[in-house]
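The following briefing concerns a single protein chain. Its topics are charge pairing, helix packing and surface character.

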Amino acid sequence: MDPVTLVLLMLVPEILFILFLLWYLRLHLIFKGIEVKLAVTPAALIGMRLRRVNPDLIVLNAVKLLKAGVNLQLENQEDLLPTLEAHYLAGGNVARVTAALLEAKNRAASLSLKEACAIDLKMVSEEEREK
């Protein structure tokens with residue numbers, strides 16, 4: 001074999017590995033987090049995947065809340081992702097919580113993230129009881 005073919009054959013696994021990492025880590029989520037100064041790390045994304053949590057759902061809703069300037073009433077912004085992830089794991093609807101917080105902001109009502117999560121979980125449990 002000529003040297004060019006050998007080099008190309010050696011590079012194929014590395015290129016495939018890098019493409020796999022780009023897909024698995026969802027690097028666009030990290031960049032979206034950087035836009036709003038949200039700490040989205042590769043370790044956080046891998047942890048979400050291992051816990052079978054949709055990282056797109058959690059990160060994009062967190063970015064939406066931060067871009068809208070919603071007062072989440074959290075001690076620090078770093079608690080946002082774990083709070084949304086915990087809510088998702090508890091069976092809550094993260095998109096509904098985000099919509100409720102955005103609506104509360106538009107109506108100038110005071111609603112914290114934890115209150116919105118509690119209300120959503122109550123709604124979920126009532127829906128399950130009705131079934």
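Arginine 96 is partly exposed in this predicted model, because its relative accessible area is 26%, between the limits of 20% and 50%. Its side chain meets that of glutamate 127 in a salt bridge, with an N to O distance of 3.2 Å. This pair links distant parts of the chain, since glutamate 127 belongs to helix α7 and arginine 96 to helix α6, 31 residues apart.

**Salt bridges**

- Glutamate 127 is likewise partly exposed, with a relative accessible area of 37%.
- Arg96, Asp120 and Glu127 are joined into one network by salt bridges that share partners.
- Across the whole structure, a search finds 6 salt bridges.
- One of them brings together the side chains of aspartate 56 and arginine 26, at 3.8 Å from N to O. Here too the pair links distant parts of the chain: aspartate 56 lies in helix α4, arginine 26 lies in the loop between α1 and α2 (27-35), and 30 residues separate them.
- Aspartate 56 has a relative accessible area of 18% and is therefore buried, the cut-off being under 20%. Arginine 26, at 23%, is partly exposed.
- The side chains of glutamate 103 and arginine 107 also form a salt bridge, with 2.7 Å between N and O.
- Glutamate 103 is partly exposed at 36% relative accessibility, whereas arginine 107 is exposed at 64%.
- Side chains of opposite charge can pair when their charged atoms come close.

**Helix α7**

- Helix α7 covers residues 113-130, which is 18 residues. At 1.5 Å a residue it should span 26 Å, and its end C-alpha atoms are indeed 26 Å apart, so the expected and computed values agree.
- The buried residues of α7 are Leu113, Ala116, Cys117, Asp120 and Val124. Viewed down the helix axis, these buried residues fall within an arc of 100°, so they line one face of α7.
- Lys114, Lys122, Arg129 and Glu130 are exposed on the other side of α7.
- The cover over the buried residues of α7 includes α5 (80-89) and α6 (94-106).

**Helix α5 and its surroundings**

- Leu80, Leu81, Thr83, Leu84, Glu85 and His87 are buried in α5.
- Among the elements that cover these buried residues are α3 (42-50), α4 (55-68), α6 and α7.
- Glycine 91, just after α5, takes a positive phi of about 100°.

**The loop between α6 and α7**

- Serine 112 is situated in the loop between α6 and α7.
- With 9% relative accessibility, serine 112 counts as buried, because the limit is under 20%.
- When neighbours within four places in sequence are left aside, serine 112 is in contact with Leu72, Gln73 and Leu101.

**Nonpolar surface**

- A nonpolar patch on the surface is formed by Val7, Leu11, Val12, Ile15, Leu16, Phe17, Ile18, Leu19, Phe20, Leu21, Leu22 and Trp23, which together have about 1100 Å² of accessible area.
- Leucine 16, one of the residues of this patch, is found in helix α1 (residues 3-25).
- Leucine 16 has a relative accessible area of 53% and is therefore exposed, as the threshold is over 50%.

Definitions and conventions
Residues numbered from 1 in each chain as written. Predicted model: local features only at pLDDT ≥ 70, side-chain atom pairs only at ≥ 80, totals over all residues. Heavy atoms only, no water. Helix = DSSP H or I, 4+ residues; strand = E, 2+ residues; numbered from the N terminus. Expected span 1.5 Å × (residues − 1). Buried < 20%, exposed > 50% of the residue type's maximum accessible area, 1.4 Å probe, protein only. Arc of directions from axis to C-beta. Contact = heavy atoms within 4.5 Å. Patch = residues over 30% accessible without salt bridge, like charges linked within 9 Å, V, L, I, M, F, W, Y side chains within 5 Å. Areas by Shrake-Rupley, 256 points an atom, 1.4 Å probe, with all protein chains shown as cover. Salt bridge = Lys/Arg side-chain N within 4 Å of Asp/Glu carboxyl O.
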